[in-house]
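These are my notes from going through a structure that was new to me. I kept them in the order in which I looked things up.

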Amino acid sequence: MEHNSPVKGRGWQNLVTEFGSPLLVLDCNVLRQQYRKLKNALPSVDHYFAIKALPNEMVINVLHKEGCNFDIATQGEVKLLEKNRISAKKTIHTHPIKRDIDIRSTLRFGCTTFVVDNEYELEKFVRYKERVGLLLRISFPNPNAVVNLSKKFGLAVNSVQEFLTKADKLGIHIKGLSFHVGSQSKLQQSHVDAINTCLEIITESRTKRDVPMSVLDIGGGFPINYDGIGIDIEEFCEPINTVINDRPKNIRVIAEPGRYIVAPAMTCLTSVIGKAIRDGIPWYYLDDGVYNSFSGQIFDHAIYPKISARKGDTRPSVLAGPTCDSIDVISENIELPELDIGDLIIAPMMGAYTSATATEFNSLPRTYIIAVNVAEHNDNEITQLI
Ligand SMILES: Cc1ncc(COP(=O)(O)O)c(C=O)c1O
């Protein structure tokens, strides 16, 4: 696998010499490309980028310029948008479980769409019922997703009618339905089945309720390929589009993509800081690891590609992170040439759920991010970020 630097005239090594190692390189051209591809693949869907995947100001500003909206889940994410002067009109709050203070501060920001998935949560909105429109999140367990998001959250389909009756009694407006089929959902049928079920519920409820539901939020879960062979998102979304296009009139469809937009946009550059031979196998210790940018290997079950900048005959080796903990091993049995201290490992596809879940364990700082191609037609522009 080859993965070239996105900066004209400056290779990966050159960027590390200039900005230090480890380093995360965010390519804004790839961000724009991913957003546009998803938008083209689902033309009648309004996208709300799930900030949790990569809560970064540059990402927010680039996507905002593209016309993207934002999915927020915490007060910290609200603050990030406020700081970047993003209008609350472009946001929805999708965390199914919230404290009253989370609701209040989100309302103060100006966001009025919230997600709930049970009656206790519904009751929290009685005092705000004049100011909000709620989406009811339904659970759709999906064995074809890498990360199951219907165990911790979502109301079972057979409890929906009872919930809607309770909301009506409390006078709380349920303006639509939402779901998340799970992250890295490999089969589009999961989206299709969930959409069909939701459309049936919305259609049925239209005959029974005074204020009909008018929003369907199809969540995230759009997959990428960590092996670097791009998934054809148009092909993936084709059957999803078909069911969306057949929906009854006056239903707005929105989505909350995270991974698909940011995963291919960031590359991690990490250097060998130590080596050892253990039981005859070469171990290379890097300056980034699973407590830092590679945290997604633990939390997100992702395995990122790793490319050695040095070429040569290879043998099975181990790549480990810089902390003192033994869990901090990035790859075992990876084919590598003999590496020297200072050699570079390049890890593409590291934009989603990587720096977002990084820690500072062992008092090691989180990896710096630099953004490149910030303006669309200026190949050499680099902005340094924290
Ligand atoms: C509520 C919600 N929306 C959207 C997303 C983004 O999902 P994905 O990155 O799979 O597109 C997540 C991921 O955890 C989520 O929990």
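**Notebook: cysteines, domains, core and ligand**

Entry 1, cysteines. I note at the start that this is a predicted model. I looked up C28, and it counts as buried because its relative accessibility is 0%. C237 also comes out as buried, at 0% relative accessibility.

I then asked how many disulfides a search of the whole structure finds. The search returned zero disulfides. I recalled that a disulfide is a covalent bond between the sulfur atoms of two cysteines. Why does C28 not form a bond with the closest cysteine? The closest cysteine sulfur belongs to C68 and is 14 Å from the sulfur of C28, so it is too far for a bond. For reference, the cut-off for such a pair of sulfur atoms is within 2.5 Å. For C237 I found that the closest cysteine sulfur is again in C68, at 14 Å, which is too far for a bond.

Entry 2, domains. I looked up the domain assignment of the chain. Domain 1 is made of 12-24 + 264-384, and domain 2 covers 28-262. I noted 32 Å between the centres of domain 1 and domain 2, taken over C-alpha atoms. Their contact takes 23 residues from domain 1 and 23 residues from domain 2.

Entry 3, nonpolar cores. I asked which residues of the largest nonpolar core touch the most other members. This core has 102 residues, and the ones with the most such contacts are L26, F49, L216, I218 and F222. Helix α8 (residues 188-208) gives the largest share of the core, seven residues. Where does the core lie with respect to the domains? Both domain 1 and domain 2 give residues to this core, so it lies between them.

I followed L26 further. Leaving aside neighbours within four places in sequence, L26 is in contact with L31, L54, N56, M58, V59, A265, M266, I369, I370, A371 and V372. I also noted another core of 13 residues, apart from the largest one, with V16, L23, V25 and I307 among its members.

Entry 4, L38. I placed L38 in helix α2 (residues 28-41). Is L38 buried or exposed? Its relative accessibility is 0%, so L38 counts as buried. I then looked at what L38 touches, leaving aside neighbours within four places in sequence. The contacts of L38 are H47, F222, I233, C237, P257, Y260 and I261. For the pair L38 and C237, I wrote down 199 residues of separation in sequence and 8.6 Å in space, C-alpha to C-alpha.

Entry 5, S190. I found S190 in helix α8. S190 is buried, as its relative accessible area is 14%, and the cut-off for buried is under 20%. Not counting residues up to four places away in sequence, S190 touches N142, V181 and S185.

Entry 6, the ligand. I asked how many residues surround the ligand. There are 15 residues, and the closest are H180, S183, E256, R259 and Y353. I then looked up single atom pairs. An N or O atom in the side chain of H180 is 2.8 Å from an oxygen atom of the ligand. At G221, a backbone N or O atom lies 3.0 Å from an oxygen atom of the ligand. For D71, an N or O atom of the side chain is 3.3 Å from a nitrogen atom of the ligand.

Key:
Residues are numbered from 1 along each chain as its sequence is written. This is a predicted model: local features need pLDDT of at least 70, side-chain atom pairs count only at pLDDT 80 or more; totals for chains, interfaces and linings use all residues. Side-chain values use heavy atoms; hydrogens and water are left out. Buried means under 20% relative accessible area, exposed over 50%, partly exposed in between (1.4 Å probe, protein chains only). A nonpolar core is a set of buried Ala, Val, Leu, Ile, Met, Phe, Trp, Tyr and Cys residues joined through side-chain atoms within 4.5 Å. Helices (H or I, at least four residues) and strands (E, at least two) are DSSP runs, numbered from the N terminus. Domain bounds come from an automatic or database domain assignment. Contact means heavy atoms within 4.5 Å. A residue is near a molecule or strand if one of its heavy atoms lies within 4 Å of it. A polar contact is a pair of N or O atoms within 3.5 Å; within protein, one must be able to donate a hydrogen and the other to accept it, and residues adjacent in sequence count only if both atoms are side-chain atoms.
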